[in-house]
Amino acid sequence: MSPVPKDSKPAVPAQVEHAFRTLIEWVGDDPDREGLTETPARAARAWLEYCRGYQEDPGRHLARTFEEVGGYDEIVLLRDIPFQSHCEHHLAPITGTASIAYLPGAHVVGISKLARVLHGFAHRLQVQERLTAQIVDCIWEGLAPRGVAVVIEAQHGCMTGRGVRTPGVTMTTSRVLGCFRDDATSRREVFALMGR
Ligand SMILES: [Zn+2]
């Protein structure tokens, strides 16, 4: 037997493919028409990818830290990182940006790692409030910083495409810990850096 190449498509269990067929039928289309024959398996694989965050522990991205920071003791901010998630109530897309800031204690991480933590939690079924809290808590525990602040702005497909159908409405959530919670001056400074 030849080894399975790394980029080969994951197998889709029959009952998963069947679930997508049933859905297509239920909304009023014919899963056997030409354009839809491959769709159940393709959609199943797409969902596995949307939810790939379940396959990882986002905290592992913070495992490798640096202590040599050349005397730098100010806020580190990654601003307006685009992300996509899915709401756990409707499986509808959540599209937005996150700004992640921390005031380092003894440790800093490579800046791309903050985005990886965001995506690790975003690639799951979510509510925006919990996504915000999970990122903050993960950085708080992983880096032991003096403060951490996260602000997320996002549009929810379940609001723009169904229900009240209000395109353009953005939901904002924020969570702060440490000095950004306890000290009003620090909080003002970090929110000003984030442009709000
Ligand atoms: Zn929803």
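Start by selecting Asp 80, which sits in strand β1 of this predicted model. Its backbone deserves a look, since the phi of Asp 80 is near 55°, a positive value in a residue other than glycine. Most residues other than glycine have a negative phi. Asp 80 has 12 C-beta neighbours inside 10 Å and therefore counts as exposed, the limit for that class being 12 or fewer.

Next, follow the chain out of the strand and select Leu 91, in the loop between β1 and β2. Here too phi is positive in a residue other than glycine, with a value near 60° for Leu 91. Is Leu 91 buried, exposed or partly exposed? With 13 C-beta neighbours inside 10 Å, Leu 91 counts as partly exposed.

Stay in this loop, which joins β1 (76-87) to β2 (93-103), and add His 90 to the selection. His 90 is partly exposed, having 15 other C-beta atoms within 10 Å. Now extend the selection to Cys 87 and Cys 158, because these two residues and His 90 are covered by the "binding site" annotation in the unreviewed UniProt entry. Why do the three residues gather at one spot? Although they span 72 residues in sequence, no two of their C-alpha atoms are more than 7.9 Å apart, so they come together in one place.

Centre the view on Cys 158, which belongs to helix α5, residues 157-160. Which residues does Cys 158 touch, leaving aside those up to four places away in sequence? Its contacts beyond that range are with Cys 87, His 89, His 90, Ala 92 and Gly 163, and Cys 87 and His 90 are also covered by the annotation. Cys 158 has 16 C-beta neighbours inside 10 Å and counts as partly exposed.

For the next stop, display helix α3 (residues 112-122) together with helix α4 (residues 128-143), which pack at an angle of about 135° with their axes 10 Å apart. The two helices are therefore oblique to each other, and α3 passes α4 in a right-handed crossing. To see the residues that meet, select Val 117, Leu 118, Phe 121 and Ala 122 on the α3 side, and Leu 131, Gln 134, Ile 135, Cys 138 and Ile 139 on the α4 side. By class, this contact is made up of 8 nonpolar residues and 1 polar residue, with no charged residues.

Then move to Ala 46, in helix α2 (residues 39-50). With 12 C-beta neighbours inside 10 Å, Ala 46 counts as exposed. If you draw a distance from the C-alpha atom of Ala 46 to that of Ala 106, which lies 60 residues away along the chain, the separation is 40 Å.

Finally, zoom out to the whole protein and colour by secondary structure, which comes to 7 helices and 5 strands. Read from the N terminus on, the elements run α-α-β-β-α-β-α-β-α-β-α-α. Taken along the principal axes, the C-alpha atoms fill a box of roughly 65 × 55 × 20 Å. Of the 196 residues, 26% count as buried. Among contacts with a separation of 6 or more, 68% are accounted for by residues 24 or more positions apart.

Technical notes
Residues numbered from 1 in each chain as written. Predicted model: local features only at pLDDT ≥ 70, side-chain atom pairs only at ≥ 80, totals over all residues. Helix = DSSP H or I, 4+ residues; strand = E, 2+ residues; numbered from the N terminus. Buried ≥ 20, exposed ≤ 12 C-beta atoms within 10 Å, placed from the backbone. Contact = placed C-beta atoms within 7 Å. Axes fitted to C-alpha atoms, helices over the stretch in contact; angles between N-to-C directions. Parallel < 35°, antiparallel > 145°, perpendicular 65-115°, else oblique. Left-handed = near helix turned anticlockwise from the far one by under 90°. Nonpolar A, V, L, I, M, F, W, Y, C, P; charged D, E, K, R; others polar.
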